[in-house]
Amino acid sequence: MDSLIQLFYDEANEMVEGMEQVLLALESGEPDPETVNALFRYAHSFKGNSAAMGFTHLSRFTHGLESAMEVLRKEQRPLTPELANLLLQAVDLIRVLLERTRTEGDVGDPACDTLLQQIQAALSGSSVSAPPTEASEAPSASPTPTAQQVDACTTPTTTADIPRYRVLYQPAPTLNAEHDPLQLLTELQEYGQILEARFREQIPPVAQLKPDACYGSWEILYETAFEPAIVRALLELSAEGAEVQIEPIATIAATVPANAKTEPTEPVAAAPVSTTTTPETPSATAVASVSPAATVKSSESQSIRVSTEKIDALMNLVSEIVIAQSMLTNAQSGNTDERLRAAITQMERHVRELHERVMAIRLLPVSYLFNRFPRMVRDTATKLGKKVNLEMEGEETELDRTLLEALSDPLTHLIRNAIDHGIEPPDERVRQGKPEVGTIKLSAYQSEGRIYIEISDDGKGIDTERVRQKAIQLGWIGENDYPPDETLYEFIFQPGFSTAQQVSDLSGRGVGMDVVKRNVESLGGSISVYSKRGEGTRFVLRVPLTLAIMDGLGLVVANEHYIVPLTAVVEAFQYDSLQHTALFDQYEMVNVRGEFIPLLRLRQFVGLPDGERNGLIVVLEQEGQRLALQIDSIAGQQQVVLKSLEENFVRVPGFAGATILGDGRVALILDVSDLIRRTYSANERLAAVA
Amino acid sequence: MALTQTTTETRELHSETNTEKYLVFQIGNETYGVPLLQVQEIRTYTPATRVPNAPEYVLGVVNLRGNIIAVIDARARFGLPPLPDEESTVVVVVHVNGKTFGLRLDSVSDVVDIPVDQIQPTPPIASEATQRFLSGVVQVGERVVILLNLREIFDLDALQQIAA
């Protein structure tokens with residue numbers, strides 16, 4: 001039963017999401033018949049599914065909405081803001097009710113009727129005098145469908161402990177036989193549980209109709225711990241002359257839409273409704289038929305749903321194979337057998353590709369995350385009396401699922417912040433010569449093995465003076481300190497900091513920004529901010545693209561072995577004292593073909609006593625900044641599985657994680673961005689002191 | 001009928017001798033114990049990879065069937081001088097605070113049943129710093145076993161100072 005319920009909620013969430021998307025699209029554009037039809041498909045499927053699940057209130061409410069929207073479609077009327085508001089409220093109400101059905105079953109709400117009345121009133125042109133019904137929680141409080149969806153999908157699938165059967169009960173052809181279908185069903189119910197019972201009509205045209213013939217049969221989805229033979233005996237006993245068929249049903253796992261990489265047609269705006277793969281047993285179609293309009297398929301990519309447990313297991317396995325692969329390479333390094341070498345090289349290639357493909361399964365486009373924002377921006381802006389337009393870019397950029405979930409909160413906070421504190425009220429903007437409608441731009445792109453997400457607004461920018469004053473107030477700096485802007489911006493991310501005059505219930509409680517920073521960093525990412533007074537603010541979030549396998553270069557200092565991502569390595573060369581300089585005898589630098597690059601001694605960084613001061617220089621680069629790392633020697637290149645340090649330990653500064661070498665030892669993986677940041681800021685501190 | 005009978009029996013059994021199993025070991029001259037329920041496994045000690053700038057008592061990290069876990073030296077955690085690795089040196093893998101850790105010990109003795117009602121609160125025998133690592137004392141035969149509070153020993157908030 002569980003997987004069936006799960007399936008319902010998964011699809012329900014998708015449909016509700018889809019409805020909302022369409023409503024938002026309709027509001028801002030022309031009523032395009034295809035879009036309006038999509039709206040109906042969603043509503044219709046949802047109505048059917050809810051009814052099948054026994055959630056009659058929900059189904060009826062949706063029906064009411066359908067009727068209302070039918071009016072719009074027939075008369076080709078545009079969606080007025082008033083109507084849009086009401087319909088969106090209805091979607092919210094559906095969400096809330098949907099949640100409640102999990103614990104309360106078939107539950108209704110007087111708000112449903114009130115809302116339907118208001119919608120009717122709006123449609124018939126009379127003004128809505130009553131204030132819009134507050135769907136129990138503001139949209140911001142209700143769990144986002146995406147998160148919920150993903151949430152629900154990470155619940156491990158439970159195989160029903162009680163076997164299920166598809167029971168076909170075909171009564172005897174003539175009604176004169178003594179049948180009592182109701183009694184039959186009642187009896188079935190005593191020995192198990194009827195999940196669904198459908199009566200299949202096979203009524204011929206009237207001319208051929210025989211008054212005492214039975215034209216119908218029942219298809220029952222039945223769950224029972226009893227042996228099928230017993231069930232059969234039951235049925236045959238009470239249904240003489242009837243035909244009974246009992247088929248066991250294989251369970252279908254709860255699923256998540258896996259984005260098959262093949263041909264995505266257009267950027268996924270509405271959540272793709274996927275077709276459930278049916279296992280071979282025909283009885284599976286009984287399950288599929290639970291959602292009557294499961295045939296609803298948007299024109300987007302074909303996809304199947306796979307349980308996340310299976311994917312995770314697959315991923316782990318592939319990671320282990322990569323490790324085993326490097327153990328193999330290690331073991332045969334002394335060997336000169338050509339065939340062995342050739343075989344291992346080929347396997348390396350295949351393992352690499354296998355890894356890439358499996359990784360790709362876990363990737364979802366960022367649009368999954370972004371899709372909830374248009375609504376949020378709309379509602380928040382309206383609530384705050386501001387006019388904001390949200391632009392999104394790069395929604396097709398792909399990101400690991402777990403990252404998507406984790407980024408949801410930080411991004412929400414940043415966007416709210418932008419609306420609340422960044423964008424000025426409309427008249428203020430006009431006074432400043434800015435367009436009345438503010439713009440918030442959300443963009444995602446990939447670069448250098450990382451994913452970048454930017455949130456920028458054309459609002460008033462960060463008031464550095466206020467930040468400075470607040471820092472003075474908090475005792476972080478003195479009255480006469482005038483730190484540079486970058487330092488002031490960093491203050492914003494410290495706990496306890498907030499310049500909001502009042503604590504709005506949206507943001508500014510002083511617990512926001514530092515949590516955002518911490519969240520992003522716990523993903524192995526970072527966040528930076530750029531701002532200009534009067535022009536706007538831009539936040540840049542950086543997160544690693546893959547959480548798993550990459551090519552690494554082994555670096556050795558003393559007898560310790562460290563790994564650095566190969567993508568960050570520019571070049572390596574022998575240390576030459578001629579290239580080395582030390583400004584003020586403190587900042588060490590290396591002159592590489594005319595470019596002076598700061599030097600970091602790895603020995604020193606990892607806390608080893610001073611040793612070899614020559615050795616090798618490895619030039620690293622990340623985001624346009626370079627660092628020269630001085631090491632003893634290089635230990636070769638290998639594929640490396642990134643393992644988390646935080647999972648069972650803590651985040652160690654300067655390191656992105658750890659890996660297991662071919663010989664079973666653990667090696668720490670350097671976080672190049674972190675190293676660069678530390679070296680540069682250390683140099684700055686030295687400069688400040690000097 | 002028959003089912004309920006057994007349940008009552010079991011219940012009676014429990015109330016008579018309410019014991020919990022503890023893994024008992026030596027550190028220096030003292031005997032210590034940890035709840036067996038928190039112990040995942042016991043392994044021979046393999047050298048750990050050093051974690052830069054970590055506290056003294058963190059020996060480093062090791063590979064536990066694909067997971068990276070930290071190994072803490074019990075002696076160092078209690079402020080005792082370290083001993084060289086011996087054949088008998090073991091790592092007790094424990095699961096605490098939602099994470100998995102290793103605790104390096106000189107040796108492990110055995111598993112004993114300790115009656116819960118005989119556990120006494122710890123007298124203030126240790127320094128302030130280490131007092132919180134102890135969760136009680138109990139007499140087991142001729143030995144005095146000092147029970148350890150693994151949650152405190154593996155309190156990562158203290159370790160977070162690495163992240164400074």
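Helices (H or I, at least four residues) and strands (E, at least two) are DSSP runs, numbered from the N terminus. Keep that in mind for everything below.

Residues are numbered from 1 along each chain as its sequence is written, while chains are lettered from A and ligands numbered from 1 in the order in which they are written. This is a predicted model, where local features need pLDDT of at least 70, side-chain atom pairs count only at pLDDT 80 or more, and totals for chains, interfaces and linings use all residues.

**Exercise 1. Take stock of the two chains.**

Step 1: start with chain A, which has 20 helices and 24 strands. Of its 690 residues, 37% are buried; a residue is buried if 20 or more other C-beta atoms lie within 10 Å of its own, exposed if 12 or fewer, and partly exposed in between, with C-beta atoms placed from the backbone.

Step 2: do the same for chain B. You get 5 helices and 10 strands, and 29% of the 164 residues count as buried.

Step 3: check the contacts, where two residues are in contact if their C-beta atoms, placed from the backbone, lie within 7 Å. Take those with a separation of 6 or more: residues 24 or more positions apart account for 72% of them in chain A and for 53% in chain B.

Step 4: look at confidence. pLDDT is the predictor's confidence in each residue, from 0 to 100. Chain B has a mean pLDDT of 80, with 85% of its residues at 70 or more. Residues 1-15 of chain B fall below 50, and that stretch has 0 contacts in the model beyond near neighbours in sequence. For the complex, the predictor gives an ipTM of 0.80 and a pTM of 0.49.

**Exercise 2. Work out how helix 3 and helix 5 of chain A pack.**

Step 1: get the geometry. Axes are lines fitted to C-alpha atoms, for helices over the stretch in contact, and angles run from 0 to 180 degrees between N-to-C directions. Helix 3 (residues 56-74) and helix 5 (residues 110-123) of chain A pack at about 5°, their axes 10 Å apart.

Step 2: classify the angle. That makes helix 3 of chain A roughly parallel to helix 5 of chain A, since angles under 35 degrees count as roughly parallel, over 145 as roughly antiparallel, 65 to 115 as roughly perpendicular and the rest as oblique.

Step 3: find the residues. From helix 3 of chain A come A:His57, A:Phe61, A:Gly64, A:Ala68 and A:Val71, and they meet A:Cys112, A:Leu116, A:Ile119, A:Gln120 and A:Leu123 of helix 5 of chain A.

Step 4: sort them by class. Ala, Val, Leu, Ile, Met, Phe, Trp, Tyr, Cys and Pro count as nonpolar, Asp, Glu, Lys and Arg as charged, and the others, Gly among them, as polar. The contact of helix 3 with helix 5 of chain A then has 7 nonpolar, 3 polar and no charged residues.

**Exercise 3. Lay out the four-stranded sheet of chain A.**

Step 1: write down the order. This open sheet of 4 strands in chain A runs 2-3-1-4 with antiparallel pairing; two strands pair if DSSP finds at least two bridges between them.

Step 2: spot the edges. Strand 2 (193-201) and strand 4 (243-248) of chain A each pair on one side only.

Step 3: zoom in on one pair. Strand 1 (residues 164-170) of chain A is joined to strand 4 of chain A by 6 bridges, and A:Tyr165 stands opposite A:Pro248 in strand 4.

Step 4: add the twist and the cover. Neighbouring strands of this sheet are turned by 15° against each other on average, direction ignored. Helix 7 (residues 181-191) of chain A lies across strand 1, strand 2 and strand 3 (216-223) of chain A, at about 155° to strand 2.

**Exercise 4. Describe the surroundings of strand 7 of chain B.**

Step 1: check burial. In strand 7 of chain B, 6 of 7 residues are buried.

Step 2: list the partners. Strand 5 (residues 67-73) of chain B runs parallel to strand 7 of chain B, with 4 bridges, and B:Val71 stands opposite B:Gly102. Strand 6 of chain B pairs with strand 7 of chain B in the antiparallel sense over 7 bridges; here B:Val96 faces B:Lys99.

Step 3: inspect the turn. Strand 6 and strand 7 of chain B form a hairpin with 2 residues between them, and B:Asn97 in the turn has a positive phi of about 55°. B:Asn97 counts as partly exposed, with 16 C-beta neighbours inside 10 Å.
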